Amino acid sequence: MNPKGWIIYNGYLPGNKFLDFAEWIQAAALHRNVQTKIIKNNQLLTYLTNNSLDIIRDSTITLPDFVIFTDKDIYLARQLELMGVRVFNNSRTIEISDDKIASYQTIAAHKLPIPKTIVSPKMFAPSVAFDPGDYQEAINELGFPMVIKEAFGSFGEQVYLVHNKQEMHTKLSELQGKPFVLQEFVSTSYGRDIRLHVTGEKVVAAMTRHAQNDFRANVTAGGKMQTHQPTTDEKNLAIAAAQAIGADFAGVDLLFGPNESPLICEINSNAHIRNIYDCTGVNVAESMIDHVLACIESGGSL
Ligand SMILES: Nc1ncnc2c1ncn2[C@@H]1O[C@H](COP(=O)(O)OP(=O)(O)O)[C@@H](O)[C@H]1O
Ligand SMILES: [Mg+2]
């Protein structure tokens, strides 16, 4: 019998792009005769007692053979795993990917190339003890302009470029209490990057993104997409990055370093797939489903 799956997305986010992503995956599963149910995270309540771990849900919803998790609800993903369900991507991968600090630490521990990065010391809330002068060493190491990136953010919205000490101090004062990194600005990559979609051990689609008036290449920041034939180096790096965080599928962003040598910018564990389809005609959902089915058939050992 074919396995049955759930596709989970976040029921609290506005707009329909999250449901759209889930529906693409559902359609790809149906192509392979695999039935899936799309469920919002807020339809599933994680329930813990002294002798059970369960999920309170509608009585018609039975536990699936696998879950494709398009959300970042790490606790829910982990609950499903604790109940014995295989979750794609797994909760640990989602957790690392969601947190840019954890991501850079993991990538650096695998000795993969990244821009030089300095991590903010933990601050619980805006603090009277805060002194932007704490970061003088960072200026010496990274220089200006400098990238400041919140640990939690997406669509380029929490990524900033500061050009001098004054701008840096203003931004740091605004970010008090939030985790962030200070990062070397890779000027050769101004306004452009490469997005590669990795599934399993393959790069299945790639595009460059180029913004005219912004250092960030995100499509939401005005980046124009162009289909891209990745070099062997780019492909190997994207695959190594995805594997470093244990991802079954990922959207890996690479920066153009000196001489166009690739550097890892970030790894998205729940990268949306409509833009890459519009640009390249590749439906990444198809290879995601193929990978999930191959893992299930092999007993999860892939
Ligand atoms: N160190 C850097 N040097 C140059 N450009 C960068 C750097 N870091 C990020 N960018 C640009 O900003 C964009 C957004 O950064 P990213 O880390 O991918 O955050 P997000 O999760 O918001 O997409 C990247 O796609 C890239 O174009
Ligand atoms: Mg990005």
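A cavity here is a set of grid points where a 1.4 Å probe fits but cannot get out. Searching the whole structure, a predicted model, turns up one cavity of 30 Å³ or more.

**Stop 1: the domains**

Start by colouring the chain by domain. Select 5–88 for domain 1, 95–113 plus 189–293 for domain 2, and 117–185 for domain 3. Domain 2 is thus written as two segments. Now look at domains 1 and 2 together. Their centres, taken over C-alpha atoms, are 24 Å apart. Show the contacts between the two: 20 residues of domain 1 meet 18 residues of domain 2.

**Stop 2: the cavity**

Select Phe249, Ala250, Ser269, Ala271 and Met288. Of the 17 residues lining the largest cavity, these lie nearest its centre. The space inside comes to about 100 Å³.

Which elements each supply at least two residues of this lining? They are strand S5 (66–69), strand S11 (192–199), S14 and H9. Keep the domain colours on. Domain 1 and domain 2 each give at least three residues to the lining of the largest cavity.

Next, colour the lining by residue class. The largest cavity has 10 nonpolar and seven polar lining residues, and no charged ones.

**Stop 3: the magnesium ion**

Move to ligand 2, the magnesium ion. Select Asp253 and Glu266, its protein donors. The donor atoms are OD of Asp253 and OE of Glu266, and they lie 1.9 to 2.3 Å from the ion. Turn on the cartoon. Aspartate 253 sits in strand S14 (residues 249–256), while glutamate 266 belongs to strand S15 (residues 262–268). The two are 13 residues apart, so the pair links distant parts of the chain.

Are these two residues buried or exposed? Both aspartate 253 and glutamate 266 are buried.

**Stop 4: the second largest pocket**

Finish at the second largest pocket, with a volume of about 300 Å³. Select Thr199, Gly200, Glu201, Asp248 and His291, the closest to its centre among the 14 lining residues. Then show strand S12 (202–210) and helix H9 (284–297), the elements that give two or more residues to this lining. Which of the elements gives the most? H9 does, with four residues. H9 also appeared at Stop 2, where it supplies at least two residues of the lining of the largest cavity.

Colour by class once again. The lining of the second largest pocket holds four nonpolar, six polar and four charged residues. Set that beside the lining of the largest cavity, with no charged residues.

How values were computed: Residues are numbered from 1 along each chain as its sequence is written. Chains are lettered from A and ligands numbered from 1 in the order in which they are written. This is a predicted model: local features need pLDDT of at least 70, side-chain atom pairs count only at pLDDT 80 or more; totals for chains, interfaces and linings use all residues. Side-chain values use heavy atoms; hydrogens and water are left out. Donors are N, O and S atoms within 2.8 Å of the metal (3.2 Å for Na, K and Ca); water is not among the atoms, so sites may look incomplete. Buried means under 20% relative accessible area, exposed over 50%, partly exposed in between (1.4 Å probe, protein chains only). On a 1 Å grid over the protein atoms alone, a cavity is a set of points where a 1.4 Å probe fits but cannot get out, and a pocket is an open set with protein on both sides within 12 Å along at least five of seven lines; lining residues have an atom within 4 Å of a point. Grid points are joined across faces, edges and corners, and a volume is the space filled by probe spheres set on the points. Ala, Val, Leu, Ile, Met, Phe, Trp, Tyr, Cys and Pro count as nonpolar, Asp, Glu, Lys and Arg as charged, and the others, Gly among them, as polar. Domain bounds come from an automatic or database domain assignment. Contact means heavy atoms within 4.5 Å.
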